[in-house]
Structure formats: structure tokens, C-alpha cells
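Work through the exercises below with the sequence and the model open. Each task is followed by a solution in steps.

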Amino acid sequence: IRGGTKQTNIKEVMRVSEVLESRVQQAFTRQAYKAMALRVINALAVHRLTTGGDIHVPIGPTAAELRDGLCLFQPGVEDMPGDPAENLLSMVQTVMREVLKTVNGQFISRSADTEQYYLDLKKDIDYDTQIEKRAEALSDDALDRAYYSAIKALMECSDDLRYPGFQIWQYQVEWQEHRVERMGYLFFGAPNDRPTAQPERDFYIYFIQPFDKPKFADNHMSDEVFLRLKSPDEQYKRSLSQYAAALDLASTASGGAKAVYLSKAQDSLRTMSKWLQEKQMTAFEVTYQGKTK
């Protein structure tokens with residue numbers, strides 16, 4: 001190795017390269033490009049060892065240099081319309097975006113000025129582990145807020161709250177027999193906040209907190225309906241806790257780390273929303289005037 005690279009440097013580069021390769025082998029979503037992705041990671045590792053002994057200098061090859069230096073090729077590119085070289089460059093750029101996404105931005109950086117990619121050995125944040133650790137310490141209140149975020153997305157509730165400080169929305173339901181809309185309220189919480197919703201309307205729908213269960217009196221009123229999450233399975237609980245943890249970490253992070261946490265929060269939110277949508281007829285207990293179904 002030129003430049004007198006020390007044995008410890010070689011070990012560190014090899015360690016990082018193995019972590020990246022393992023991550024791509026396990027989680028790379030574009031299977032057709034996986035072989036190219038692994039070649040690129042190996043190339044970045046070799047390049048890291050040929051930078052004059054300094055394995056932390058922020059330089060590396062561009063996407064075009066990776067294409068040409070590695071003689072990268074993808075079957076089918078010759079059949080695409082347009083310039084094959086430009087099409088291949090576009091593929092390499094796609095591969096790099098997917099690699100960065102797959103490894104959660106760990107150990108690989110891209111210079112905004114030069115568009116060079118390089119192994120960034122100090123960029124050692126295991127985002128998934130951080131989320132798992134934070135998820136273990138979440139309060140029931142944090143889990144309830146995460147649950148409400150998923151319900152809010154499914155119910156298409158806007159961010160424009162009519163009653164600041166309360167999660168209350170005006171809501172319409174079609175009275176199908178008469179083909180008219182009935183006006184009411186949607187609550188994320190218990191009837192304790194009912195006096196806040198003015199003027200009075202035809203109905204009040206409550207999504208009760210599933211974890212930090214509130215104390216309230218159900219007076220069996222004819223205009224109130226209660227929905228409770230009946231028995232969330234482990235898959236849903238895990239997605240819920242990961243969503244809450246990722247949002248919590250994003251609130252104190254900055255830059256690239258914040259973006260990664262927000263992206264992971266959205267992934268968990270989509271999983272939660274899909275679960276609720278698919279199981280909505282069995283996941284909830286609905287209570288009306290003291291009777292539950």
C-alpha cells in the first residue's frame with residue numbers, strides 16, 4: 001500500500017467495508033443492482049487505502065469515475081433509448097443513493113461541492129440501535145402520541161386544530177338514509193375534554209388512549225361513541241415504539257442524523273397505518289351506551 005498506510009488503518013477500513021457489505025447483502029432493495037453496489041463499496045475501500053496514509057481525508061471518486069474506473073456495466077442498458085454512457089451513469093447514481101439509504105448514511109459521505117463519494121470512517125452512528133434503545137425507555141404517554149399520529153394520518157385530520165392544546169377536530173359523517181351530512185367532533189382522548197368543543201354538535205367520537213388509559217365516567221350518552229385499540233400484536237407495538245423513538249431522537253438531532261431519524265419514523269408510520277387499515281374491523285372495540293362490540 002502506497003503512502004505507508006499503517007496496519008491499524010487497513011484493519012479499520014476493512015472493518016467498515018465488511019459492515020457496509022453485510023448491510024447491503026441483507027437489506028438492499030434493488031436486487032438487480034446489488035452486484036454493482038458491492039463492487040462500488042469494495043472500490044471505495046481500496047480508494048480509502050490509497051490516499052497517502054490519511055484514511056480520513058474527504059476525497060473519493062465521482063459516480064462517473066466509478067463507472068469508468070470499474071468498467072461498470074448493467075445488462076439491458078444497451079437497449080435503453082438515449083446515450084448508453086449517460087444511462088449507465090444514471091444507474092450508478094441510483095445505486096449510490098440506494099446504498100446510502102440502505103446503510104442509513106453510515107460510513108459513506110458525498111461531497112456536495114465535488115460530488116465525490118468516500119468512506120467516512122468517523123461517521124459511525126448505528127441509527128437502528130439508537131432507536132431500539134430509546135424505544136425501550138418510552139413512556140406510555142409517548143406511545144399514545146405515536147398511536148394518535150397514525151390515526152390522524154388515516155382519518156386525514158389536518159394540522160389546523162380548531163382548539164389549540166386539544167386534539168379535537170370537527171368531523172362529518174354521512175347520514176346515508178337521508179343523504180345529508182351530520183356534523184360532530186372527533187376526539188383523541190376522553191370525554192373530560194368535551195366541554196372544550198363548542199358549539200355542541202350531533203355526535204362525539206372518542207379514540208381512547210390505549211397505553212396510558214385515562215380515568216373518566218362513561219355516562220352512556222346517546223351522542224357518544226368510544227373506540228379502543230383492542231389487542232395490538234407485537235408487530236404493531238414494535239412499529240409504534242420505533243416511530244415514537246425515532247421522532248424523539250429527531251427532535252434533538254441535527255443535519256443528516258435528523259433526516260435519517262425522520263425517514264425511519266415515516267417508515268414506521270407507514271407500517272402502523274397499514275396494520276390499522278388492514279385490521280380496522282377486528283382491532284377496535286366500539287362502545288355505545290355501555291354496550292361493546
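**Exercise 1.** Sort the lining of the second largest pocket by residue class, and state how many residues are nonpolar, polar and charged.

Solution. Step 1: fix the classes. Ala, Val, Leu, Ile, Met, Phe, Trp, Tyr, Cys and Pro count as nonpolar, Asp, Glu, Lys and Arg as charged, and the others, Gly among them, as polar. Step 2: fix the pocket. On a 1 Å grid over the protein atoms alone, a pocket is an open set of points where a 1.4 Å probe fits, with protein on both sides within 12 Å along at least five of seven lines, and lining residues have an atom within 4 Å of a point. Step 3: list the lining, which consists of Ile 151, Leu 154, Met 155, Phe 207, Leu 227, Leu 276, Gln 277, Gln 280, Met 281, Phe 284 and Val 286. Two or more of these residues come from each of α6 (140-154), α8, α9 (280-283) and β7 (284-288). Helices (H or I, at least four residues) and strands (E, at least two) are DSSP runs, numbered from the N terminus. Step 4: count. The result is 9 nonpolar, 2 polar and no charged residues. Step 5: add the volume, about 340 Å³, where a volume is the space filled by probe spheres set on the points, joined across faces, edges and corners.

The model is predicted: local features need pLDDT of at least 70 and side-chain atom pairs count only at pLDDT 80 or more, while totals for chains, interfaces and linings use all residues. Residues are numbered from 1 along each chain as its sequence is written, and side-chain values use heavy atoms, with hydrogens and water left out.

**Exercise 2.** Describe the largest pocket by volume, centre and lining.

Solution. Step 1: the volume of the largest pocket is about 720 Å³. Step 2: 28 residues line this pocket, and Lys 101, Asn 104, Val 260, Ser 263 and Lys 264 are the closest to its centre. Step 3: at least two lining residues come from each of α1, α4, α5 (127-136), α7 (234-250) and α8 (255-278). Helix α8 gives the largest share, 10 residues. Step 4: by class, the lining holds 10 nonpolar, 9 polar and 9 charged residues. Step 5: look again at Asn 104, which follows α4 and has a positive phi, near 55 degrees.

**Exercise 3.** Check the span of helix α2, then find which of its residues are buried and what covers them.

Solution. Step 1: the expected span is 1.5 Å times one less than the number of residues. Step 2: α2 (residues 34-48) has 15 residues, so it should span 21 Å, and its end C-alpha atoms are indeed 21 Å apart. Step 3: buried means under 20% relative accessible area, exposed over 50%, and partly exposed in between (1.4 Å probe, protein chains only). The buried residues of α2 are Lys 34, Met 36, Ala 37, Leu 38, Val 40, Ile 41, Ala 43, Leu 44, Ala 45 and Arg 48. Step 4: their cover includes α1 (7-27), α3 (63-69), α4 (84-102), β1 (108-110) and β2 (117-119). Contact means heavy atoms within 4.5 Å. Step 5: for a single residue of α1, take Glu 21. Leaving aside residues up to four places away in sequence, Glu 21 touches Leu 38, Ile 41 and Asn 42. Glu 21 is partly exposed because its relative accessible area is 24%.

**Exercise 4.** Are Cys 71 and Cys 157 buried or exposed, and how many disulfides are there?

Solution. Step 1: Cys 71 has 63% relative accessibility, so it counts as exposed. Step 2: Cys 157 is buried because its relative accessible area is 13%. Step 3: a disulfide is a pair of cysteine sulfur atoms within 2.5 Å. By this rule the count is 0.

**Exercise 5.** Locate the backbone features at Pro 199, Glu 115 and Glu 156.

Solution. Step 1: the peptide bond from Gln 198 to Pro 199 is cis, with omega near 0 degrees. Pro 199 sits in the loop between β4 (180-188) and β5 (203-207). Step 2: Glu 115, not a glycine, has a positive phi of about 60 degrees and lies in the loop between β1 and β2. Glu 115 is partly exposed, at 43% relative accessible area. Step 3: Glu 156 has a positive phi near 55 degrees and belongs to the loop between α6 and β3 (168-175). With a relative accessible area of 71%, Glu 156 is exposed.
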